[in-house]
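Dear colleague,

Please find below the structure that I am passing on to you. My notes on it follow the display.

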Amino acid sequence: MPFCLIPRHVFDRYENITAQYLNEQHITLLLSDLDFTLAPKSTRRPDQALRDWIEGLAAAGIAFMIVSNNRSGTRVTEFCADLGVPYQGRAGKPSTRGLEAAMARSGADRAHTAMLGDKLLTDVLAANRAGVLALMVEPAGGAVTVWQKVLHALQAPFKAVARARGG
């Protein structure tokens, strides 16, 4: 599997990823990270905007599943139950095992799957290694801690390459 840290497309927020865009890419399964991708880590419950976005995907025939490295399943379990979506926990990204398990559970193949995340070294690398469409968003809630700010700065050149390629 290839080692590549460049996402196919970088979006400002998850809401900017439309069902039309995913359909044009022939995506039938959207896998997504949770923390800082769909909501800040401190957010305990999904908001209505996220619910509406996922309902819009479902209406367009796009399945949705959260794939998380979160070691404590409590927050992810509660968030996903409240949202009404399945999740694959302890994914081990950048390993592909979590993405592969999620695709197997959903009955989707690589050619019709995308992975959405906010981090290059976990989400994007796992997507590229698994051979699925790698989509990236800016971190929800922004970079708050010193480490997040450093990580955000380190990711900037890779995101710039993706944007220069039309992503």
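I begin with helix H5, whose buried residues are Leu-120, Asp-123, Val-124, Leu-125, Ala-126, Ala-127, Asn-128 and Ala-130. Please bear in mind throughout that this is a predicted model. H5 is mostly covered, with 8 of its 11 residues buried. Its buried residues pack against helix H4 (97–106) and strand E5 (113–117), and also against E6 and H6. Just after H5, Gly-131 adopts a positive phi of about 80°.

Helix H6 spans residues 146–164, a run of 19 residues. From first C-alpha to last, H6 reaches 28 Å, close to the 27 Å expected at 1.5 Å a residue. H6 nevertheless has a kink of about 35° at Ala-156, shortly before the proline Pro-157. Buried in H6 are Gln-148, Leu-151, Gln-155, Lys-159 and Ala-162. These buried residues pack against strand E1 (9–11), helix H5 (120–130) and strand E6 (133–137). The contact between the two helices thus appears from either side: the buried residues of H5 pack against H6, and those of H6 pack against H5. A positive phi is also found just after H6, where Gly-166 has a value of about 100°.

I turn next to the enclosed space. The count comes to 1 cavity of 30 Å³ or more, and the largest cavity holds about 90 Å³ of space. Its lining consists of Phe-36, Asp-118, Lys-119, Pro-139, Gly-142, Ala-143, Gln-148, Leu-151, His-152 and Gln-155. Among these, Gln-148, Leu-151 and Gln-155 line the cavity and are also buried residues of H6. By class, the cavity lining has 4 nonpolar, 4 polar and 2 charged residues.

Finally, there is the open space. The largest pocket contains about 300 Å³. Of the 16 residues that line this pocket, Asp-33, Asp-35, Phe-36, Lys-41 and Lys-119 lie nearest its centre. The elements that give two or more residues to the pocket lining are H5 and H6, and the largest share, 3 residues, comes from H6. The pocket lining has 3 nonpolar, 5 polar and 8 charged residues. Phe-36 and Lys-119 are named in both places: they line the largest cavity and are among the residues nearest the centre of the largest pocket.

With kind regards

Methods
Residues numbered from 1 in each chain as written. Predicted model: local features only at pLDDT ≥ 70, side-chain atom pairs only at ≥ 80, totals over all residues. Heavy atoms only, no water. Helix = DSSP H or I, 4+ residues; strand = E, 2+ residues; numbered from the N terminus. Expected span 1.5 Å × (residues − 1). Bend = angle between axes of the 7 residues up to and from the residue. Buried < 20%, exposed > 50% of the residue type's maximum accessible area, 1.4 Å probe, protein only. Contact = heavy atoms within 4.5 Å. 1 Å grid on protein atoms, 1.4 Å probe; cavity = no way out; pocket = protein on both sides within 12 Å on 5 of 7 lines; lining within 4 Å. Points joined across faces, edges and corners; volume = space filled by probe spheres on them. Nonpolar A, V, L, I, M, F, W, Y, C, P; charged D, E, K, R; others polar.
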